[in-house]
Amino acid sequence: MKIYKNISTLYTFKGFAKKMGRNPVDQDFRPIKKAAMIVGKNGLIEWVGKEESLLAQVQKKGGLLGARVIDLEGLNVFPSFTESHTHLVFAGNRKKEFDLKIKGATYQQIAKMGGGISSTVRETKKASFEELLASSRLRIKRFKEQGVGLVEVKSGYGGDFKTEKKILEVAFSLKGIDVKPTYLALHAIPKKVEKEEYVNRVINIDLPKMKKKFPKLSRADLFIERGYFSKQDLKRFKAQAENLNLDLCAHVDQLSGLSGAITAAHLGALSVEHAVFLKPQEIRSLAKTETVINLLPGADFYLKTKYPEARKLIDAGCRVSIATDFNPGSSPTQDLSFIGVLARREMKMSLAEVWCAYTLNASLALGVKNKGSLQKGYKASFFTTKAKAEDFFYEVGNHPVEKLYS
Ligand code: NIG
Ligand code: FE
């Protein structure tokens, strides 16, 4: 048993949890002043409340014997962040491409010139496991320093089974915070490969082979877009994912509106990613599903496209999460403060909506139902800070986290 005491204000986020992440408001922070928390051996919270009630609670549990008491020195406590969409295992960079973008080239034009996803695939194929592990560890550390307790890590820069396996091996080797590896199996069509043949191979052979290689693999992803993969591919992909007990998420409606989000949601996707180009009817339908809409404003910023309609999605009752989409091309940033500021400034999200999106809803996007709120039964994954809720997501680059406990 662990006892955390001397907490100035503990933001429980109980209100967000109660509504399972729909329609968040400021009152949902549910702060407790002069708080304490009891955590069981399994890492789950047993009690949260006022420190003045701590003694009675400890006595109820049979006294202090064997308990570790941790003094949080008058700091505030928040649930840790969940970074629910990253492509953090990659080699090389796309600095030249950034320059081309500034000069007006589009995502698809860059891809035609040999840039884009396939250029990172080339670099990642060449890199050794050790090189990828070393760079990925640094990237994980950067998230940890920002109070991230759970991070999703996609493959997708492999282009062939062998390299995808190498990337997932890296993802499964990462430590320090909780990592959810995702097999982004259909990301781009490799050069000189016929599309149908590639899709058939990935769905029929690679997906089952990868699950066999990594029994702990629980997620699969694909990119639905013109020039990439179709809704038909999505349906077949989902059927195989289901056979293999893999949760589905999908990059959808990022550059054009192909009704990918609603199709994936109706197929039971845990989350749909980007969701920039949605029709009003699709937003209404998405609100009736459990699927989390994972918005990635870093990519919209770097690609200089439209931002998703967060206001309409949240007001309709959708669960909305946000993430960096950290990757070397469309979103070369790991900065949570930047993403939160974009969400507020460009997507008109309130502060409470941003907090909920980056904690509880981001965890739900990964299928983790007991993270993002500090209350009985939830994971004791939190960080300390001198700051208050409103001190975050205001100044880009200022993200005042002291220490992560996760
Ligand atoms: O989330 N949309 C497809 N995949 C990534 C981009 C990856 C890349 O450009 O390297 C995304 O934006
Ligand atoms: Fe992505």
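The questions and answers below concern ligand 1 and Asn76 in a predicted model.

Colleague: Which residues come nearest to ligand 1?
Modeller: The model is predicted, and in it 14 residues stand around ligand 1. Those that come nearest are Arg94, Tyr157, Gln254, Asp325 and Ser330.

Colleague: How do the residues of the shell around ligand 1 divide into nonpolar, polar and charged?
Modeller: Tyr counts as nonpolar, whereas Gly counts as polar. On that basis, the shell around ligand 1 holds four nonpolar, eight polar and two charged residues.

Colleague: Which side chain has an N or O atom 2.7 Å from a nitrogen atom of ligand 1?
Modeller: Two side chains face oxygen atoms of the ligand instead: a polar atom of Ser330 lies 2.7 Å from one oxygen atom of ligand 1, and an N or O atom of Asp325 is 2.9 Å from an oxygen atom of ligand 1. The side chain that pairs with a nitrogen atom of ligand 1, at 2.7 Å, is that of Gln254.

Colleague: How much of the accessible area of ligand 1 does the protein cover?
Modeller: On its own, ligand 1 has 330 Å² of accessible area. The space it takes is the largest cavity. The share of that area covered by the protein is 100%.

Colleague: Is Asn76 buried or exposed?
Modeller: Asn76 belongs to strand β4, which spans residues 68-79. Its relative accessible area is 7%. The cut-off for buried is under 20%, so Asn76 is buried.

Colleague: Which residue has its backbone nitrogen 3.0 Å from a polar side-chain atom of Asn76?
Modeller: The contact joins the side chain of Asn76 to a backbone atom. That backbone nitrogen, at 3.0 Å, belongs to Thr9.

Terms used: Residues numbered from 1 in each chain as written. Chains lettered and ligands numbered in written order. Predicted model: local features only at pLDDT ≥ 70, side-chain atom pairs only at ≥ 80, totals over all residues. Heavy atoms only, no water. Near = heavy atom within 4 Å. Polar contact = N/O pair within 3.5 Å; in protein donor to acceptor, adjacent residues only side chain to side chain. Areas by Shrake-Rupley, 256 points an atom, 1.4 Å probe, with all protein chains shown as cover. 1 Å grid on protein atoms, 1.4 Å probe; cavity = no way out; pocket = protein on both sides within 12 Å on 5 of 7 lines; lining within 4 Å. Sits in = over half its atoms within 2 Å of the grid points. Helix = DSSP H or I, 4+ residues; strand = E, 2+ residues; numbered from the N terminus. Buried < 20%, exposed > 50% of the residue type's maximum accessible area, 1.4 Å probe, protein only.
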